[in-house]
Amino acid sequence: FRLWVSIIVATSVTLAYCAYIFQSEYISSETKLILISLFTNCLVVALYLSWRLGVERYRAFINSLRAQLQEQAAIEKGNELIEIAYTDPLTGLKNRRAIQRAFAEMRQDWAQSDDEIGLILVDVDHFKRYNDHLGHQAGDECLMILSKALSELAASRGAVAGRYGGEEFIVLCRIAGKEELTEFSQLICTSIEELGVPHPDYDGNSQVVT
């Protein structure tokens, strides 16, 4: 029971017994005093035990809650480490390890579907010249812009986008054939060009990143 319930019940029982003994005509005054003292001491002991039990239960609850919080924190920390291990730190896309795992998952489901697995390697044209002309910070910003657009495009098609390394990206998708894969590849190229990211040292007619 809760402590306040124990106090009410134990006190009520003790008072009832004490009232009965006090009103009894067959018990001497000395015996009444002894019995009332006994009941009072029993009440004190009972309340003390109830209090101690409540304290121990509270401590057990606190320890259990602390253990649950520590376990939850450990799980969250583990998930964060897994996320870091499978995420490219610059772009936030999946890294090569995560792409390999995504490909393995697709391959496992391959037998249950008529679709094929499409793999598109995306390489930014003349990116070294971009870096040399504008600096590596601008190059990183350019990669982040491209990765965001690539991620959104991939998500709209149910595909998986990742950074393969340097200025190379990779896209995994489910396709019905080569024509669909070619169409998706062209859509990626067009979407990147439409971003209009200026390229100051492009070798060709285009002056934007392709």
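**View 1. What comes right after helix 6?** Helix 6 gives way to Gly196, whose phi is positive, near 70 degrees. (Helices are DSSP runs of H or I with at least four residues, strands are runs of E with at least two, and both are numbered from the N terminus.) Keep in mind that this is a predicted model, where local features need pLDDT of at least 70, side-chain atom pairs count only at pLDDT 80 or more, and totals for chains, interfaces and linings use all residues. Residues are numbered from 1 along each chain as its sequence is written, and side-chain values use heavy atoms, with hydrogens and water left out.

**View 2. The two faces of helix 6.** Phe184, Ile188 and Ile192 are the buried residues here (buried is under 20% relative accessible area, exposed over 50%, partly exposed in between, with a 1.4 Å probe and protein chains only). They cover an arc of only 70 degrees around the axis, so they sit on the same side of helix 6; the arc is that of the directions from the helix axis to the C-beta atoms. Turned away from that buried side are the exposed Glu179, Glu183 and Glu194.

**View 3. What helix 6 leans on.** Its buried residues pack against strand 1, helix 5 and strand 3, with contact meaning heavy atoms within 4.5 Å.

**View 4. The sheet.** Three strands make an open, antiparallel sheet in the order 1-3-2 (two strands pair if DSSP finds at least two bridges between them). Strand 1 (116-123) and strand 2 (160-165) are at the edges with a single partner strand each, so one side of each has no neighbour in the sheet. Eight bridges join strand 1 to strand 3 (residues 168-175), and Val122 has Phe169 of strand 3 as its bridge partner.
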